[in-house]
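Reader: I have a model open on my screen and would like to talk through its sheet and its empty spaces. Could you take me through them one at a time?

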Amino acid sequence: MAELLTKTSLVSSWHGDTQHHHNPRVSVVPKSYSFGYGLKRFPSLMIKSQVLRSSTLSSDFHGKKLLFRVNRASSPNRVNSQLRPSIVSQMTGRIGKVQKWWEKGIQPNMREVTSAEDLVNSLLNAGDKLVIVDFFSPGCGGCKALHPKICQLAEMNPDIQFLQVNYEDHRSMCYSLNVHVLPFFRFYRGAEGRLCQFSCTNATIKKFRDALAKHTPERCSLEPTKGLEEKELLALAANKELTFTYTPKPKPKPVQPAAPSLKPLPLPSFTADSDVSKDRTLATSGR
């Protein structure tokens, strides 16, 4: 760019010099140029050169390259590259991640269910531990008001597992489990399976606390964990919107008791001697 400007100035100065030969020295290139870059501007680039050394238009420019020094520290790209990391770090520090209301106050023993298979496996792997399944919806005002108290109860009972089921994300699964009222809770434990189920709000939190006090004491069972009921598992497997498979367990055939063996009774034997003795007995008794 500067080379083109220099050549253009040479031509214009040559025309001017043919008319005014009395000027001993002619300044061909202006002292400063300014170039625009986007919305900002570079500082002036000072170009100092003596192109004509005499009035005979003698020039030292013989196709040599012109060297320019640019202050790179003042370049907009360099300034932006220096400021960009600090600005990004400040913005991420200020904004951060916005937590949703059902993510606030979560305790280590609280976890959100990701699928129907996750729910079934979580109940089966809990053993004799008490498991509370919390069905909620992001748009449910009662669920939002009750959530802080549920988190407090979970903190006070670290041995209890709380499973959260988002109704909006798992609507089809909730239909198969016959959950139509929110907020809704189900209690499960070991071989007993489902202990109770109910719906409560912030005003009726006593119902939840009573169920918690009733089923909190630890129990030990030698039988395998039951989890969901058989009809619920079949309903989940029949739901085409879910990727859940279940093979019903074969029912054992009832054992029929064996029929008692009937032995024939011995029949009395009659002989002639017995008949004679019988007649004698009757005759003696007649006397």
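Author: We can start with the sheet and then turn to the cavities and a pocket, keeping in mind that this is a predicted model.

Reader: Good. What order do the strands of the open sheet have?

Author: The sheet is an open one of 5 strands in the order β5-β7-β6-β8-β9, and its pairing is mixed. The edge strands are β5 (110-112) and β9, each of which pairs on one side only. On average, and with direction ignored, neighbouring strands of this sheet are turned by 20° against each other.

Reader: Which sense does the pairing of β5 and β7 have, parallel or antiparallel?

Author: β5 pairs with β7 (residues 161-166) in the parallel sense, over 3 bridges, and within this pair E112 stands opposite Q164 in β7.

Reader: And β8, how many bridges join it to β6?

Author: There are 6 bridges between β6 and β8, and the two strands run antiparallel, with I132 standing opposite F187 in β8. On its pairing with β9 (residues 193-199), β8 is again antiparallel, over 6 bridges, and there F187 stands opposite C196 in β9.

Reader: What lies between β8 and β9 in the hairpin?

Author: The hairpin formed by β8 and β9 has 3 residues between the strands, and G190 in the turn has a positive phi of about 40°.

Reader: Is β8 itself mostly covered or uncovered?

Author: β8 (residues 184-189) is mostly covered, since 6 of its 6 residues are buried. In a regular strand the side chains alternate between the two faces of the sheet. In β8 both faces are covered, with F184, R186 and Y188 buried on one side and F185, F187 and R189 buried on the other.

Reader: Which strands does α4 lie across?

Author: Helix α4 lies across β5, β6, β7 and β8, and it runs at about 160° to β7.

Reader: Changing topic to the empty spaces, how many cavities of 30 Å³ or more are there?

Author: The count comes to 2 cavities of 30 Å³ or more. About 60 Å³ of space lies in the largest cavity, and about 40 Å³ lies in the second largest cavity.

Reader: Which residues line the largest cavity?

Author: Its lining consists of W101, W102, D134, F136, C143, L146, H147, I150, Q164, P183 and F185. The elements that give two or more residues to this lining are β6 (130-136) and α4 (141-156), and the largest share, 4 residues, comes from α4. By class, the lining of the largest cavity divides into 8 nonpolar, 2 polar and 1 charged.

Reader: And which ones line the second largest cavity?

Author: L123, A126, G127, K129, V131, Y188, R189, G190, T225 and G227 line the second largest cavity, so G190, which sits in the turn of the β8-β9 hairpin, appears here as well. The lining of the second largest cavity has 4 nonpolar, 4 polar and 2 charged residues.Reader: Last one: what volume does the second largest pocket have, and which residues are closest to its centre?

Author: The second largest pocket has a volume of about 300 Å³. Of the 13 residues that line the second largest pocket, the closest to its centre are K226, E230, L233, Y246 and K249. The elements that give two or more residues to that lining are α3 (116-124) and α7 (230-238). The lining residues of the second largest pocket divide into 7 nonpolar, 2 polar and 4 charged.

Methods. Residues numbered from 1 in each chain as written. Predicted model: local features only at pLDDT ≥ 70, side-chain atom pairs only at ≥ 80, totals over all residues. Heavy atoms only, no water. 1 Å grid on protein atoms, 1.4 Å probe; cavity = no way out; pocket = protein on both sides within 12 Å on 5 of 7 lines; lining within 4 Å. Points joined across faces, edges and corners; volume = space filled by probe spheres on them. Nonpolar A, V, L, I, M, F, W, Y, C, P; charged D, E, K, R; others polar. Buried < 20%, exposed > 50% of the residue type's maximum accessible area, 1.4 Å probe, protein only. Pairing = 2+ DSSP bridges. Axes fitted to C-alpha atoms, helices over the stretch in contact; angles between N-to-C directions. Contact = heavy atoms within 4.5 Å.
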